[in-house]
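Welcome! Here is a short guided tour of one protein, written to be read with the structure open beside you. Take your time and look up each residue as it comes along.

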Amino acid sequence: MDHLLPLSRVAKLVGTSRHALQEMIRSGTLDTFDGMVELNELLRAFPDTKWEDDAEFRRITEIKERAFGKRVFERALPDKEVLAARLFELGNEYAATKALLMHYSQVLSWLDEKIDEIEEDQNKETRHALHVLRAFIVRHLAEIPPDAAKVQALIAQERILKIMSAHVTIKPSGHEFIVESNDTLLEAALRAGVSLDYGCSNGNCGDCRARLISGEVRKVRAHDYVLSQAEKDSGVILLCSCAAVNDVVIEANVAGASDIHQQQLVVKVKAVEVFNPQVAALHLLAPRSQRLRYLAGQSVRLSAHGASGRYAIASCPCEERHIEIQVLRNADDAFSQLLFSGLNANENIELEGPYGEFVLEDASTRPIIFVAFGVGFAPVKSLIQHAMSLDLAESIDLHWLADEAGYYQNNLCRAWADALDNFTYITHASTTEVETTLANIVNDYPDLHRFDVYAAGTAAQLQLAKRVFLKHGLPAQQWRAGATDA
Ligand code: FES
C-alpha cells in the first residue's frame with residue numbers, strides 16, 4: 001500500500017518550508033499524488049537527509065520559537081484522550097501490518113510446498129528452473145535492501161510526528177496546517193495564520209461551527225453551545241472545543257477583513273514597555289470570555305480616562321488574548337500623552353475594532369517586500385509574523401526607514417533574519433531625502449513585478465513610496481498600504 005504524506009508533514013520531516021516544496025513540485029523535482037508525497041519519492045528527492053537524526057530540525061525549530069518570543073508552546077503533549085486515541089490507532093496499524101506479514105509468510109511456505117509438489121513430475125530443465133526460482137526467492141528474502149535503514153528511520157520519524165500532531169486541510173480554501181500539543185483546531189489554525197470564523201473561542205457562541213469531512217476529532221474543552229442532533233449527524237463540530245485525533249479534512253470559512261464584524265471589549269493593561277523616549281508598546285490582555293477577532297495588519301481604537309486614539313495592532317492573532325499596540329509620543333494625541341504619563345497594570349481600556357484592510361494576501365506565494373516608515377513598523381511586525389506562520393512566501397525583505405523613534409525593535413528583526421533563511425532585514429537611516437532612499441531600494445529589485453509590497457507610514461510617505469514603486473514596475477494590484485495617521 002502507498003505511504004502518502006501531506007506537504008506540511010513533509011516540510012517538518014525534511015526541515016524545509018512549504019514554499020520550497022511547492023517550488024520543487026513546480027520544477028518537476030518532486031512528484032506528488034493528489035497533493036501528497038509518496039514515501040519512496042521523499043527518499044529519492046531528499047537522498048542526503050539524515051532521517052535518524054532530527055537534531056538539526058529541532059535546533060532550527062527552537063531558534064524560530066525563540067524569535068517568536070511569546071509563541072513558545074507551553075503545553076508540549078497532546079490532550080491525554082487524543083494521545084490515547086492516536087496510540088490506539090497506531091496499535092491497530094501495527095496489528096494489521098503484523099497480521100499481513102504473517103499471511104505473507106504463510107503464502108511463502110505454501111509456495112514452497114507447491115514448488116515441491118510440481119517439481120516431482122517435471123523434466124530436468126523445469127526442475128532446474130524451479131530450483132533457480134526458489135533460490136531467487138530465498139536470496140531476496142534474506143537480503144536487506146540497501147535503503148532499509150533509511151526507510152525505517154523515516155517511517156519512525158513520521159510515526160512520532162503522527163503521535164505528536166495531526167494534519168488539517170480546510171476546504172474549499174485549501175489551507176493546511178498542523179495541530180500540535182494540546183491545541184484545539186481553532187488555536188492551531190490561528191497559530192498557522194489561518195483566519196477561521198470564530199467568536200468567543202470558549203464554546204459559547206457557536207460561531208466556530210464547521211463540518212468534519214474526514215478523519216476523527218475529540219472534544220477537549222467543555223462548551224455550553226448546543227449543537228442540534230441534525231448538525232451533529234451531518235458532522236458539525238465546534239473548532240474551539242475539538243482537537244484532531246488523526247489527519248482531518250474540514251469544511252470551514254476562512255475570513256477576509258470584510259467578514260470580521262466590529263467588536264467592543266474592555267481589555268486590561270498588562271504592561272507598558274517603553275522602547276525609548278519616543279515610542280512605547282502597550283501590552284493588553286483580552287478577557288478569557290471575549291477575545292478580539294482580527295487579522296494581522298488591522299487597527300483598533302483605544303479609550304481611557306476620556307482620551308482615545310486609533311492605532312495599528314503590532315501582535316498577531318496567534319498570540320491569543322495578548323494584544324500589542326505601539327504608540328509614538330505625540331503632544332497632539334491625548335491617548336499617547338496618557339500612555340507616556342503612566343498607565344497602571346490592570347487598568348481597564350475600552351477597545352473597538354478591528355478596522356482596516358491592510359491585511360496579507362494569503363493565497364499569494366510571491367516574494368514580499370515590507371516597507372516600514374517609523375512606527376509603521378507596528379502593523380508590519382504583525383504582518384511579518386502572519387507571513388512567517390503561513391510559510392508560503394518565497395522570501396521576505398523588511399526595509400525599515402527610521403524616524404526620530406529609531407529602530408526600536410532592532411534585536412527582534414535581527415533574530416528573525418538569523419533564524420530564517422529567506423528573511424532579509426535592511427535599515428535605512430533617517431534622512432530628508434526619502435525619495436532618494438526609496439529609489440535606492442527599488443533599484444535593488446530589477447524584477448519588482450514579481451513582488452508583493454506592503455508599506456506602512458503616514459499618508460504622505462505612502463503616496464511618495466507608491467509613486468516610486470509603481471514607476472519602477474510594481475503592478476498596482478501588488479501594492480498595499482496602511483496609513484498610521486488615518
Ligand atoms: S468560538 Fe464561540 S463557540 Fe467556538
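**Starting from one serine**

A polar atom in the side chain of Ser-382 lies 3.2 Å from the backbone nitrogen of Gly-297. That same side chain also reaches the backbone oxygen of Ser-315, at 2.6 Å. Please keep in mind that this is a predicted model. From this serine we can move out to its helix, then to a sheet, and on to some rings and a histidine.

**Around Ser-382**

- You will find Ser-382 in helix α11, which covers residues 377-390.
- Is Ser-382 buried or exposed? With a relative accessible area of 0%, Ser-382 is buried, because buried means under 20%.
- Leaving aside neighbours within four places in sequence, Ser-382 is in contact with Ala-296, Gly-297, Ile-313, Ala-314, Ser-315 and Cys-316.

**The open sheet and its helices**

- Which order do the 5 strands of the open sheet follow? They run β18-β17-β16-β19-β20, and the pairing is parallel.
- At the edges stand β18 (423-428) and β20 (479-483); each has a single partner strand, so one side of each is left without a neighbour in the sheet.
- From one strand to the next, the twist averages 15°.
- Strand β19 (residues 452-457) pairs with β20 in the parallel sense over 5 bridges.
- Within this pairing, look for Ala-455, which stands opposite Ala-481 in β20.
- Helix α11, the home of Ser-382, packs on the sheet and touches β16 (368-373), β17 (396-401), β18 and β19. The direction of α11 makes about 160° with that of β16.
- Helix α12 (residues 410-419) packs on the sheet as well, touching β17 and β18, and its direction makes about 145° with that of β18.

**Aromatic rings**

- How many aromatic pairs does the structure hold? There are 11 of them.
- One of these pairs is formed by Phe-469 and Trp-479; it is tilted, with 5.9 Å centre to centre and 40° between the planes.
- The pair links distant parts of the chain, 10 residues apart: Phe-469 belongs to helix α14 (residues 459-471) and Trp-479 to strand β20.
- Phe-469 is buried, with a relative accessible area of 0%, and Trp-479 is buried with a value of 10%.
- Elsewhere on your tour, find Phe-275, Phe-377, Trp-400, Tyr-407 and Tyr-408, which ring pairs link into a cluster.

**Around His-167**

- His-167 sits in strand β3, made up of residues 165-171.
- Its relative accessible area is 5%, so His-167 is buried.
- The side chains of His-167 and Glu-176 are joined by a polar contact of 2.8 Å.
- Not counting residues up to four places away in sequence, His-167 touches nine-strong company you can click through: Pro-6, Ser-8, Arg-9, Glu-176, Phe-177, Ile-178, Asn-246, Asp-247 and Val-248.

**Stepping back to the whole protein**

- The protein has 14 helices and 20 strands.
- Of its 486 residues, 48% are buried.
- Taken along the principal axes, the C-alpha atoms fill a box of roughly 105 × 55 × 35 Å.
- Among contacts between residues at least 6 apart in sequence, 72% join residues at least 24 apart.
- The accessible surface comes to about 24100 Å², and 52% of it belongs to carbon and sulfur atoms.

Note on methods: Residues numbered from 1 in each chain as written. Predicted model: local features only at pLDDT ≥ 70, side-chain atom pairs only at ≥ 80, totals over all residues. Heavy atoms only, no water. Helix = DSSP H or I, 4+ residues; strand = E, 2+ residues; numbered from the N terminus. Buried < 20%, exposed > 50% of the residue type's maximum accessible area, 1.4 Å probe, protein only. Polar contact = N/O pair within 3.5 Å; in protein donor to acceptor, adjacent residues only side chain to side chain. Contact = heavy atoms within 4.5 Å. Pairing = 2+ DSSP bridges. Axes fitted to C-alpha atoms, helices over the stretch in contact; angles between N-to-C directions. Phe/Tyr/Trp six-rings, centres within 6.5 Å; stacked < 30°, edge-to-face > 60°. Areas by Shrake-Rupley, 256 points an atom, 1.4 Å probe, with all protein chains shown as cover.
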